[in-house]
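User: I would like a close look at a single part of this model, the largest pocket and the elements around it. Please keep to what can be computed from the atoms.

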Amino acid sequence: MNRALVVVTPNERSKRILREAGEFAAGSGAELVVLTVIPNDEFEETRSALADVGSSDVVYGVDQATESARRRAKRLAREALDGLDVEYRVVADIGPEVDSVLETAQWEACDHLFISGRRRSPTGKLISRDTTQSIMLKFDGPVTVLLAEEDETDSESKEKKRTLA
């Protein structure tokens, strides 16, 4: 492995997959590219919400969104990779996650991919293909997936709701 792409979102699983990728990269002398992707709908929601504020001073475009996401991912990587001797760069993109991941992996010449996923029931797998599965099927190289239980994301969002209430 020369260069690996690690896909992160702002959650605890991303810290775990970053740490795993970092240990692997440190042991093999590889470089990490840390990618965070802002889905189009999330970007448009934020832009619309800020436009509704009505301040002419508020500008939220692609540059602001990617810079903000890059800062969050950089903070996450710094925490997760603390104490490891590994080189990494952080990049951010806006768009469909599958396309962004695959295009970034190709652009950055990544030969390994690290991503978080979730366990799904056999029925859930039949009904729809998730992002992780699509990436695994389309990436030409090894993919390391950190699986969470199907209900873990539900408990994370319930915990967030409790914290906000």
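Which strands and helices each supply at least two residues of the lining of the largest pocket?

Analyst: The model is predicted, and what follows should be read in that light. Six elements answer the question: strands E1 (3-8), E2 (31-38) and E4 (112-118), together with helices H1 (12-28), H3 (62-80) and H6 (131-138), each give the lining at least two residues.

The pocket itself has a volume of about 570 Å³. Its lining consists of 25 residues, and those nearest the centre are Thr9, Asn11, Arg13, Glu97 and Ser116. Sorted by class, the lining has 10 nonpolar, 9 polar and 6 charged residues.

The three strands of the lining can be taken in the order in which they pair. E2 pairs with E1 in the parallel sense, over 6 bridges. Within this pairing, valine 7 has leucine 35 in E2 as its bridge partner. E1 is also joined to E4, again in parallel, by 3 bridges, and here alanine 4 stands opposite histidine 112 of E4. E4 in turn runs parallel to E5 (143-148), with 6 bridges between E4 and E5; phenylalanine 114 is partnered by threonine 144 in E5.

Burial in two of these strands can be described residue by residue or by count. In E2, 8 of the 8 residues are buried, so the strand is largely enclosed by the rest of the structure. In a regular strand the side chains alternate between the two faces of the sheet. In E2, Glu31, Val33, Leu35 and Val37 point one way, while Leu32, Val34, Thr36 and Ile38 point the other way, and all are buried. E4 is mostly covered as well, with 6 of its 7 residues buried.

Among the helices of the lining, H6 can be followed further. Its residues Thr132, Ser134 and Ile135 are buried, which here stands for under 20% relative accessible area. These residues cover an arc of only 165 degrees around the axis, which places them on the same side of H6. The buried residues of H6 pack against helix H4 (97-107), E4 and E5.

E4 therefore recurs throughout this description: E4 supplies at least two residues of the pocket lining, is joined to E1 and to E5, and is packed against by the buried residues of H6.

Note on methods
Residues are numbered from 1 along each chain as its sequence is written. This is a predicted model: local features need pLDDT of at least 70, side-chain atom pairs count only at pLDDT 80 or more; totals for chains, interfaces and linings use all residues. Side-chain values use heavy atoms; hydrogens and water are left out. On a 1 Å grid over the protein atoms alone, a cavity is a set of points where a 1.4 Å probe fits but cannot get out, and a pocket is an open set with protein on both sides within 12 Å along at least five of seven lines; lining residues have an atom within 4 Å of a point. Grid points are joined across faces, edges and corners, and a volume is the space filled by probe spheres set on the points. Helices (H or I, at least four residues) and strands (E, at least two) are DSSP runs, numbered from the N terminus. Ala, Val, Leu, Ile, Met, Phe, Trp, Tyr, Cys and Pro count as nonpolar, Asp, Glu, Lys and Arg as charged, and the others, Gly among them, as polar. Buried means under 20% relative accessible area, exposed over 50%, partly exposed in between (1.4 Å probe, protein chains only). The arc is that of the directions from the helix axis to the C-beta atoms. Contact means heavy atoms within 4.5 Å. Two strands pair if DSSP finds at least two bridges between them.
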